[in-house]
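Reader: I've got a model open and some questions about what sits inside and what sits outside. Can you walk me through it?

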Amino acid sequence: MQPKRDNKYINTMKTYRSRISISLLLIVTVACFVPVAFVSIEEMWHVAVAMLPIYLLILSCFRGIKYVIEGNILKVYSYWGIQSRCMLSSPAASFKRLAIYYGKCDVIYISPRNQKDFINEINRIISSGNGI
């Protein structure tokens, strides 16, 4: 028999976008466009045009990361829909990250834009006894 849960958070939904750090954006920009400097002037436009879609894809991946709290469930959405335990490939577009531990030894790193509000919301849900 399931324990009775408080229905206070069942119909609530909050969405938090990922923070995008300037330093990570700079690293991606340099990595994408440094190859342009190593080709001849005649080929420079071809390489730049080839790198632009890759750069735009990476930027859209950064913009596509969001964290949704539905009731007492945290859902992490990323562009590819892939979650990873690796801190480098986690669904966070910033170096200022939060580690969320769940299960026995599972962890996911996230970087909500408004971390203080996100932490307060998580704490409010946990303190109500509903868990997350």
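Author: Sure. "Buried" here means under 20% relative accessible area, and "exposed" means over 50%. Keep in mind that this is a predicted model.

Reader: Which residues of helix 3 are buried, and where do they lie around the axis?

Author: The buried ones are Gln115, Phe118, Glu121, Ile122 and Ile125. They cover an arc of only 130° around the axis, so they share the same side of helix 3. In an α-helix there are 3.6 residues a turn, so residues three or four places apart point the same way. Lys116 and Ser127 are exposed, and they're on the other side of helix 3.

Reader: What span should helix 3 have, going by its 13 residues?

Author: Count 1.5 Å a residue for the 13 residues of helix 3. The C-alpha atoms at its ends are 18 Å apart, which agrees with the expected span of 18 Å.

Reader: Which members of the largest nonpolar core touch the most other members?

Author: That core has 19 residues. Helix 1, helix 2, strand 2, strand 5 and helix 3 each give two or more residues to this core. Touching the most other members are Tyr67, Ile69, Ile110 and Phe118.

Reader: Arginine 97 is buried with no salt bridge, so which backbone oxygens lie by its side chain?

Author: Arginine 97 is in the loop between strand 3 and strand 4. The nearest side chain of opposite charge, aspartate 106, is 16 Å away. Polar atoms of the arginine 97 side chain lie 3.2 Å from the backbone oxygen of alanine 92 and 2.6 Å from that of serine 94.

How values were computed:
Residues numbered from 1 in each chain as written. Predicted model: local features only at pLDDT ≥ 70, side-chain atom pairs only at ≥ 80, totals over all residues. Heavy atoms only, no water. Helix = DSSP H or I, 4+ residues; strand = E, 2+ residues; numbered from the N terminus. Buried < 20%, exposed > 50% of the residue type's maximum accessible area, 1.4 Å probe, protein only. Lys, Arg positive; Asp, Glu negative; His and termini not counted. Salt bridge = Lys/Arg side-chain N within 4 Å of Asp/Glu carboxyl O. Polar contact = N/O pair within 3.5 Å; in protein donor to acceptor, adjacent residues only side chain to side chain. Core = buried A, V, L, I, M, F, W, Y, C linked by side-chain atoms within 4.5 Å. Expected span 1.5 Å × (residues − 1). Arc of directions from axis to C-beta.
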